[in-house]
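Subject: Structure for your attention

Dear colleague,

Please find the structure below, together with the sequence. My notes on what was found in it follow directly after.

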Amino acid sequence: GARQRLRANDFDEVTKDVLTIATSVYRCLIITETLFPDLLIVKTKLAKHAWRKASDMAGLTMQLTPSLVKMMTRHTSHVRGELKTKMHGLTASFFGFCTSRSIVTIKANHGLAESLKEGASFVFKDWEMKSGIYKSDLIQSGINDMWFANRIDEGIVYARYFDPLPVKMLALVLTVMECCINEWLTGVREDIKFASVTYSPVYLVHLESLQRFEERTAAYKLLAKIRD
């Protein structure tokens, strides 16, 4: 017969509660430790870590089964997709991309996307003058919308993963910003899937740039100030 897809309701109440906590912890670990864990062994390791944390928080010792691991690892790409969904509207309004079929607007959108991509100008507070690196208000808006909008959001409930803001998380936000700008490169917005095969290398470039910036400005603690 056809295999049934497991749902959270298939578990007993206590297991469900622990699974809810573990899934949130797993999502935090994805963005703060390993954003593109392509290997099953890496995902499983993160899931085990999340389950241990959740069991500790619940004050229970519960066995982690393969089906529970599956329930958690299903969320691996969800986090990235959710951020992308939140950010494409923010990105369009922040930079001034317009939805229109007029040739003038399409040309303007194309030119804007090109200039923002040029030398990664979009990471600057003033992208035209290229000043205030990593101080773009869009970075903060994306972070706030995704992780700090409500009392029950992961950034508030699981604050220890977000204080200070992890460099890997900043790299993720920059990568999603770039993906959202790429959607306007033709002048008309086209949905681009935030696929790991395409954006894992882009993420690594942003991560390396952030780490280099941190090393070069260590004496001034510039990145630490940005992350506060």
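Of the 20 residues of helix α1, 15 are buried, so this helix is largely enclosed by the rest of the structure. Please keep in mind throughout that this is a predicted model.

The length of α1 can be checked with simple arithmetic. The helix covers residues 13–32, and at 1.5 Å a residue it should span 28 Å; the C-alpha atoms at its ends are 29 Å apart, which agrees. At the N-terminal end of α1, D12 serves as a cap. A side-chain oxygen of D12 lies 3.0 Å from the backbone nitrogen of V14.

Helix α1 also packs against helix α4, which comprises residues 76–95. Their axes are 9 Å apart and meet at an angle of about 70°. Because angles from 65 to 115 degrees count as roughly perpendicular, α1 is described as roughly perpendicular to α4. On the α1 side the contact involves Y26, R27, I30 and I31, and on the α4 side T76, H78, V79 and E82. Sorted by class, this contact has four nonpolar, two polar and two charged residues. The spacing of contact residues along a helix is worth a thought here. An α-helix has 3.6 residues a turn, so residues three or four places apart point the same way.

A residue of helix α2 (residues 40–58), L46, reaches α1 as well. Is L46 buried or exposed? Its relative accessibility is 7%, and since buried means under 20%, L46 counts as buried. Leaving aside neighbours within four places in sequence, L46 is in contact with Y26, L29, I30, E33 and T34. The C-alpha atoms of L46 and I30 are separated by 7.8 Å, and these two residues are 16 residues apart along the chain.

Helix α4 offers a further residue to look at, G89. With a relative accessibility of 38%, G89 counts as partly exposed. G89 and L172 stand 83 residues apart in sequence, and their C-alpha atoms are 17 Å apart in space.

A second pair of helices is α6 and α8. How do their axes cross, and within what distance do they come? The axes come within 10 Å and cross at roughly 105°. That makes α6 roughly perpendicular to α8. From α6, the residues L138, I139, I143 and W147 meet M169, L170, L172, V173, L174 and M177 of α8. The residues of this contact divide into 10 nonpolar, no polar and no charged.

Just before α6, in the loop that joins β2 (131–133) to α6 (137–147), is S136. S136 is buried, with a relative accessible area of 3%. Not counting residues up to four places away in sequence, S136 touches F94, F122, V123, F124, K125 and M177.

Three backbone features in the loops also deserve your attention.

- The peptide bond from D163 to P164 is cis, with omega near -5°. P164 is placed in the loop between α7 (154–157) and α8 (167–182).
- A120 is not a glycine, yet has a positive phi of about 50°. This residue is in the loop between α5 (103–117) and β1 (124–126), and A120 is partly exposed, with a relative accessible area of 25%.
- K130 likewise has a positive phi, of about 55°, although it is not a glycine. K130 is found in the loop between β1 and β2 and, at 38% relative accessibility, counts as partly exposed.

Finally, some figures for the chain as a whole. What does its secondary structure come to? The chain has 10 helices and two strands, and along the sequence these follow the pattern α-α-α-α-α-β-β-α-α-α-α-α. Along its principal axes, the C-alpha trace spans about 60 × 55 × 30 Å. The chain has 228 residues, of which 43% count as buried. Among contacts in the chain with a separation of 6 or more, 67% come from residues 24 or more positions apart.

When you go through the model, I suggest starting with α1 and its contact with α4, then turning to the contact of α6 with α8, and ending with the loops.

Yours sincerely,
A colleague

Note on methods: Residues are numbered from 1 along each chain as its sequence is written. This is a predicted model: local features need pLDDT of at least 70, side-chain atom pairs count only at pLDDT 80 or more; totals for chains, interfaces and linings use all residues. Side-chain values use heavy atoms; hydrogens and water are left out. Helices (H or I, at least four residues) and strands (E, at least two) are DSSP runs, numbered from the N terminus. The expected span of a helix is 1.5 Å times one less than its number of residues. Buried means under 20% relative accessible area, exposed over 50%, partly exposed in between (1.4 Å probe, protein chains only). A polar contact is a pair of N or O atoms within 3.5 Å; within protein, one must be able to donate a hydrogen and the other to accept it, and residues adjacent in sequence count only if both atoms are side-chain atoms. Axes are lines fitted to C-alpha atoms, for helices over the stretch in contact, and angles run from 0 to 180 degrees between N-to-C directions. Angles under 35 degrees count as roughly parallel, over 145 as roughly antiparallel, 65 to 115 as roughly perpendicular and the rest as oblique. Contact means heavy atoms within 4.5 Å. Ala, Val, Leu, Ile, Met, Phe, Trp, Tyr, Cys and Pro count as nonpolar, Asp, Glu, Lys and Arg as charged, and the others, Gly among them, as polar.
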